Amino acid sequence: MFPEGNVWSTFMLILLLATGAPAEKICSVLSNHEVHMGSSFHIYCIFKKECNRLIYQDEVSLNYRSFNSTVVIMHIVNLTRTTTFTCKCRNEPEPCGTDIVPGYPPAVPQNLTCIQEGEFGKVNCTWETGWETHVKTTSHLWVQGASPVRYESVAVHDGIRSALFPVSGTQSDFSAWVHANNSLGSANSTVLIFSLHEIVKPLSPKITKVECFSRQCQLYPDNTQNIQLVEIRYEEQQDSWNTVSFNNTQSTRSWSITSLNPYHTYTFEVRWKLGPTRGLWSEWTRIKNKTDEEAPVTMLDAWYIEEPSKSFQLFWRELNKSEARGKIQQYIVTVVEKGTHNTTALLENKIIVSCFPCNVSISAMNSKGQSPPRLIQLKPIALVPYKVSHTRVNNHTVALTWPRPGRADAVTEFLIEWFPVGRKQPPQWTRVERHLNTANITGLQPAECYEGAVVYLHSSGTKKAIFNRISTWQTAPQQSPVPSVVVKSESVEVKWSEIPPNKRGGCLDHYTVYLKDSANKIQNFSVPYTQREFTISGLMLGHKYTLWVSAWTTAGESPVEHEQLFKHTRETLDAKPLAQLIPVGSAIFLTCLCLLCLCQFSSVQRRISRCCHCLMPSIVPDPANSKWAKECTREKGEMKLQLHLSDSSMSEEEPNTVEVEEFPQEKLPEDEPVSTEETLHPVNPQDESAPYQHNITSSYLKSFSNESSSSDATQASRSTDITVDYISTHGVMSGGEEDDDEDDGDEEHEAFDFFPCPKSPFLEPLITIGGKLTLDSVKIDCSDFLDCA
């Protein structure tokens, strides 16, 4: 409001106001505060004394014209907004001024209506004010009954005003109008003439209860006194109203809405009227409720696919809300195979059935009952050589056409199944009436490859015609296969993985295998899309190669990636046999090492030695050929053979002796076996401290203990054909009985009496015989023996 730079005048004005000193204005402004929008007019500033005058319009200096020494005139043109005008003397702190607002006179009020709220309520009149005046405007409702009465109005919202007036006595006919005015003008509405019975509007209905069954709902109002007409509208889906009208009577207690669907939520709206010609319709009252359930009456739509191991995967679609007629709690699946019924309750809409073949029934169950069963015979479907053609409709739809079967092969209906190639997901299917041979399959995704079949459903069986490689729109594959290379003698074997279905860009047409040598010469080989391996021959030894594989659709080729580098050399060819030889050799070495470690235990040594006895030939030398035997043939009777045992308690000067008797060799028949089991006992068997006191077997010398020197026994043995004990240099010597465990092995030891102890890497020689066995060596030193048993 103040000119820039006059800081001192502003400070003085603030100081005077703060101290309460009276400040007398030096001037005054003469003008209207409200003017017509866009008008031109004059403003007068009257000063009380002569001074250096300043005039401002919204703090902008304004040119003026002096009427005389104290009056200044300003001419304002086309004022369209509220503006502040200020007049002051340069050296005076107190200015004078005014705010001028441009505006419009009031418009004529429109759409005057009056309604009586209830039979005994006040009358409410509303109207539209018209345009915005921008200045203060008042509106009054005038009502002419017995005498005119003016009522103040209130704003309802922008552009709408209303006023209430009471009704008293028996007056029923009225006239009403609206008067609006402001400083710029005034206006009156048209006169509205009405009677109360025409404008009475009953209060909104109050619904106390809504009781619903599966097909109808009953609405109960609070009070229907004096109400003659009722209108009810209901909707199942938004903005889809159905309207029902009723003539109400005094005895009416409820209204029934029929033809509803089970298990649906409905919105009900109710309004009423006092009579056909009396009053107005009330406002709507809204209420919601849900109808009850019913048993489903629609069969499930089910289909199956064959799985390995004589099983089937069965799928079915969920019923929609109208078909289900309630909340589906479970599905009942009954499998009938060879007269046996197996029933299963499921929550999901699929099952794997292991039967071949069998009949299956499926039904849906809610709280009121089951749907009719869908009967399906599960068995492999035979193929027919029919050609199914397809035509692209748009990016999501394809039209299929198939040949009709012969008249003798009647079809009950067709079923079309389809699914994306390479994706493990339930198939989609649709059923087609038997008189049609074309159908559209929808919901297809662009850049996706589909396959499927048209199934001919007969009363006697099922057949199907296969179709594949269906795509609505294709792109080049976004990814290339990943190859693996196996180098052979003069070729290379290439295998590659499948491209993920979402990266194929549609139906694959073929693969291309690229081979680039060290000279950058590229060879390419085309491979059908059904094949994922290829062999390239004619490779040169010592050359390096680069290999990669690409995939093709009708729209183009996949990018170059996953290159494999390899060199065709002999080392590469021999790498596989060498790789197999190393683990085999390692296994053999570890096995031998473990056996050598185990053989360090004496018990293992004894068991291996027994096994080795079985592997040696049982050659028995003839004692008649020995020198000793020839010299002794002249002597009859008893002979003494001294056997030196190595014992810590005995010395070589005093050896123990064993008395033996040799019997002359008798001729036996060739087919009779000769008993060759003889045993040599030590002289002192009571000495259990001797380290070697085990039986030493022989085929030639009969042993006598110290107690058995009787010649009668000798004669008895000589005259009989019984088995006698002899000393043999092939005998196995061992120590005395150390424990009971070693005694248990005597029976096993007797089976190896004719075998010498074998030489092994962990056993020393048991008997040293100098390479030739004779009976001259009868004095045997056992100090060097190991336990061979």
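# Exercises on a predicted chain

Asp301, Arg317, Glu413 and Arg431 are linked in a network of salt bridges, a salt bridge being a side-chain nitrogen of Lys or Arg within 4 Å of a carboxyl oxygen of Asp or Glu. The model is predicted: local features need pLDDT of at least 70, side-chain atom pairs count only at pLDDT 80 or more, and totals for chains, interfaces and linings use all residues. Residues are numbered from 1 along each chain as its sequence is written, and side-chain values use heavy atoms, with hydrogens and water left out.

**Exercise 1. Describe the protein chain as a whole.**

Step 1. The secondary structure comes to 9 helices and 55 strands. Helices (H or I, at least four residues) and strands (E, at least two) are DSSP runs, numbered from the N terminus.

Step 2. Of the 789 residues, 39% count as buried. Buried means under 20% relative accessible area, exposed over 50%, and partly exposed in between (1.4 Å probe, protein chains only).

Step 3. Take contacts, meaning heavy atoms within 4.5 Å. Among those between residues at least 6 apart in sequence, 65% join residues at least 24 apart.

**Exercise 2. Find the pairing partners of strand β3 and sort its residues by face.**

Step 1. Two strands pair if DSSP finds at least two bridges between them. Strand β1 (residues 27-30) pairs with β3 in the antiparallel sense over 4 bridges, and Cys27 has Phe47 as its bridge partner in β3.

Step 2. β3 is also joined to β7 by 6 bridges, and these two strands run antiparallel. The bridge partner of Tyr44 in β7 is Ile73.

Step 3. The covered face of β3 holds Phe41, Ile43, Cys45 and Phe47, while His42, Tyr44 and Ile46 make up the uncovered one. Ile46 counts as partly exposed because its relative accessibility is 35%.

Step 4. Leu30, Tyr44 and Ile46 form a nonpolar patch on the surface, with about 260 Å² of accessible area together. Patches are made of residues with over 30% relative accessible area and no salt bridge: like charges are joined within 9 Å, nonpolar side chains (Val, Leu, Ile, Met, Phe, Trp, Tyr) within 5 Å. Accessible areas come from the Shrake-Rupley method with a 1.4 Å probe; for residues, only the protein chains shown count as cover.

**Exercise 3. Is Met74 buried or exposed, and which residues does Met74 touch?**

Step 1. Met74 is found in strand β7 (residues 71-76).

Step 2. Its relative accessibility is 0%, so Met74 counts as buried.

Step 3. Not counting residues up to four places away in sequence, Met74 touches Phe41, His42, Ile43, Cys45, Ile55, Leu62, Asn63, Tyr64 and Cys87.

Step 4. Tyr44 is 30 residues from Met74 along the chain, and their C-alpha atoms are separated by 6.5 Å.

**Exercise 4. Place Ser214 and list its surroundings.**

Step 1. Ser214 is found in the loop between β20 (207-212) and β21 (217-221).

Step 2. With a relative accessible area of 17%, Ser214 is buried.

Step 3. Its side chain makes a polar contact of 2.9 Å with that of Glu294. A polar contact is a pair of N or O atoms within 3.5 Å; within protein, one must be able to donate a hydrogen and the other to accept it, and residues adjacent in sequence count only if both atoms are side-chain atoms.

Step 4. Beyond neighbours within four places in sequence, the contacts of Ser214 include Leu260, Asn261 and Pro262.

**Exercise 5. Trace three salt bridges through the chain.**

Step 1. By the rule above the count comes to 16 salt bridges.

Step 2. Glu92 and Lys49 meet through their side chains in a salt bridge (3.0 Å, N to O). Glu92 lies in the loop between β8 (83-89) and β9 (96-103) and Lys49 in the loop between β3 and β4 (53-57), so the pair ties together parts that are 43 residues apart in sequence.

Step 3. A salt bridge also joins the side chains of Glu283 and Lys201 (2.3 Å, N to O). Glu283 is in the loop between β25 (265-273) and β26, Lys201 in strand β19 (residues 200-201), 82 residues apart. Glu283 is partly exposed at 43% relative accessible area, whereas Lys201, at 11%, counts as buried.

Step 4. Asp301 and Arg317, members of the network, meet in a salt bridge (2.7 Å, N to O). Asp301 lies in the loop between β26 and β27 (302-307), and Arg317 in the loop between β28 (311-316) and α3 (321-324), 16 residues apart.
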